[in-house]
Amino acid sequence: MGERNEVGIAGDHSKSTKPYDLVLRGGTVATASAVFPADVAIEGEIITAVGRDLPPGAKEIDARGKLVLPGGVDSHAHIEQVSAAGILNADTFESATVSAAFGGTTTVISFAAQHIGLRLDEVVDAYHALARKGAVIDYAFHMIIADPTEATLKDHLPRLVKAGHATVKVFMTYDRIKLDDMQLLDVLYAARENRALVCVHAENHAMISWTGKRLVGSGYRAPRYHRISHPRGGEAEAFNRIIALAAFIDQPIMIFHVSSAEGAARIRQARGEGLKVFAETCPQYLFLTEKDLDRPGLEGAKWICSPPLRQPSDQEALWQALLLGDLQTISSDHAPYRFDASGKLINSADPDFKAIPNGMPGLEARLPLLFDAMVSQGRLGLEKFVSLAATEPAKIYGLHPRKGEIVIGADADIAIWDPNRKVTISAALMHDLAGYSPYEGRTVTGWPVTVLSRGRVVVHNGSLYAAPGSGRFLAREAGAAAVPTGRRGPELHPEQNFGAYI
Ligand code: DUC
Ligand code: ZN
Ligand code: ZN
């Protein structure tokens, strides 16, 4: 990777006759470990040099006064996906990836969502077709397994992992897609056999259903009761359970969208015990609270997501967990539903909170919100921003070093940020199809002004330059994150279980 015919040594252009295709000149480059002034040279789709005073490019972009950062990697976004309740969300691959690009994100991992009775390989093919048609940035899929039949786990999954789908996702809640503990063990075991990382939506289903039923039965129907119906102890319980199951099988897991202080504490404990438990949180859990749900009438429906928005003390605990490395990534969990009869109000014009689809848009606002908090306001700093938003997700999900870092040989996926630009977030500014922004009216400092995907300018000064279908599928092998520790539950060891191979 990264070698040029003319020069022999990647990054040394001194003996070359041909100019670089493109040079980003005079900016400040940031990686997850350093911030330094440098030009970045690109040939074709690849970064081929990073250094001071590089020779000219056939084209140049003036990056003086700007930050040159790896394009964001959003490792959790629901795009053109049919939900557990059978509802299609608002975005297409085109609108979602355009929105991502405007927000500085150049790689997205969305879902291929199996429902009961469907063949996993056919599901993956169907999402491939949608993405191939619409995506303007590069993409991959987590395979949602809702029907872990023998054919799914023994036939389709192994073939799909070999075809570059290195991650699966399972749900511990939601009628119709939740897996019971036996099924979770089956998926964890199959993932271990095939070397795939298992991502988990972990909440206690019975606690949610029981509380929700009693609330609605007693007439508490408003959106704010959504939060009450997802008890914080239900997150901690499900984390404990999936961690115990994964430790028994010795299968690394990624716990999605950590929302509570108790949840973060469980992950810290598991990691302290040497278990391979990775975890993410999302901007909504860092920047919004249950107060956002508590609005007159049905307005709060726009802020219904699961797990729910919680309290300022949870936000502080999540920031602390990010600081300590207990949480390694921040994804959007983009799941857009319009505030009308196609989305949030699809089940009724006056729904109780249980009948309102879960989720909110976030692909575009993710990085500007984080940049503002972490860089402009100084919380954790620029290197950590790059790490959480791009480098770590790329590493954990098998995309690094191709994605997630400005380094010779990587894809030229780059976002040039104006660190001083002030922007007030509004639905009108966003490019998704949700029709509202949960962050309406919030002013952030710092904005991605030019975004490149594999060396192509896809966004520049508020205009789009990419065609639908120009994004590419990223086949991934599981990286180090998915390698088991080698310490299974003793009951699975023939030396310790009277010789049984199970
Ligand atoms: N919860 C999910 O589990 N998925 C999509 C969005 C949400 O709120
Ligand atoms: Zn989820
Ligand atoms: Zn999700």
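**Figure 1. Two histidines hold the zinc ion (ligand 2) in this predicted model.** The protein donors of this zinc ion are H201, through its ND1 atom, and H257, through its NE2 atom, lying 2.1 Å from the metal. H201 belongs to strand β10 (residues 197-201), while H257 sits in the loop between β11 (253-255) and α8 (261-272), so the two histidines tie together parts that are 56 residues apart in sequence. Are these two residues buried or exposed? Both H201 and H257 are buried. As you look around this site, you will also find the zinc ion (ligand 3), 3.4 Å from the zinc ion (ligand 2).

**Figure 2. The zinc ion (ligand 3) is coordinated by H76, H78 and D333.** Here the two histidines each offer an NE2 atom and the aspartate offers OD, at 2.0 to 2.1 Å. If you follow the chain, the donor residues are spaced H-x1-H-x254-D. H76 is in the loop between β6 (72-74) and α1 (93-102), and D333 is in the loop between β13 (329-330) and α12 (366-376), so this pair ties together parts that are 257 residues apart in sequence. How accessible are these two residues? H76 counts as buried because its relative accessibility is 0%. D333 counts as buried too, at 9% relative accessibility.

**Figure 3. Ligand 1 sits in the largest pocket.** Which residues surround ligand 1? They are H78, F171, Y174, H201, C305, S306, D333, A335, N358 and G359. Some of these names will be familiar: H201 is a donor of the zinc ion (ligand 2), and H78 and D333 are among the donors of the zinc ion (ligand 3).

**Figure 4. Oxygen atoms of ligand 1 lie within reach of polar atoms in H201, S306 and G359.** For H201, a side-chain N or O atom is 2.9 Å from an oxygen atom of ligand 1. With S306, the partner is a backbone N or O atom, 2.8 Å from a ligand oxygen. G359 also takes part through its backbone, where a polar atom is 3.4 Å from an oxygen of ligand 1. On its own, ligand 1 has 230 Å² of accessible area, and the protein covers 93% of it.

**Figure 5. A cis peptide bond joins S306 and P307, and another joins H400 and P401.** Most peptide bonds are trans, so cis bonds are worth a look. Between S306 and P307, omega is about -5°. P307 is found in the loop between α10 (290-293) and α11 (312-324), and its partner S306 is one of the residues surrounding ligand 1. Between H400 and P401, omega is about 10°. You can find P401 in the loop between α13 and β14.

**Figure 6. L380 and N461 have a positive phi.** Most residues other than glycine have a negative phi. What is the phi of L380? It is about 80°, although L380 is not a glycine. This leucine is in the loop between α12 and α13, and it is partly exposed because its relative accessible area is 29%. N461 is not a glycine either, and its phi is about 45°. Look for N461 in the loop between β16 (456-460) and β17 (463-464).

**Figure 7. The side chains of D413 and N204 make contacts with backbone nitrogens.** D413 is in the loop between α13 (382-396) and β14 (414-424). A polar atom of the D413 side chain lies 2.7 Å from the backbone nitrogen of R454. D413 counts as buried, at 4% relative accessibility. N204 is in the loop between β10 and α5 (205-217). Which residue has its backbone nitrogen 2.7 Å from a polar atom of the N204 side chain? It is M207. N204 is buried, with a relative accessible area of 12%.

**Figure 8. D352 and V216 are 136 residues apart in sequence, with their C-alpha atoms 7.0 Å apart in space.** D352 is found in the loop between β13 and α12, where D333 is also located. Its relative accessible area is 16%, and D352 is buried because the limit for that word is under 20%.

Terms used. Residues numbered from 1 in each chain as written. Chains lettered and ligands numbered in written order. Predicted model: local features only at pLDDT ≥ 70, side-chain atom pairs only at ≥ 80, totals over all residues. Heavy atoms only, no water. Donors = N, O, S within 2.8 Å, 3.2 Å for Na, K, Ca; no water. Helix = DSSP H or I, 4+ residues; strand = E, 2+ residues; numbered from the N terminus. Buried < 20%, exposed > 50% of the residue type's maximum accessible area, 1.4 Å probe, protein only. Near = heavy atom within 4 Å. Polar contact = N/O pair within 3.5 Å; in protein donor to acceptor, adjacent residues only side chain to side chain. Areas by Shrake-Rupley, 256 points an atom, 1.4 Å probe, with all protein chains shown as cover. 1 Å grid on protein atoms, 1.4 Å probe; cavity = no way out; pocket = protein on both sides within 12 Å on 5 of 7 lines; lining within 4 Å. Sits in = over half its atoms within 2 Å of the grid points.
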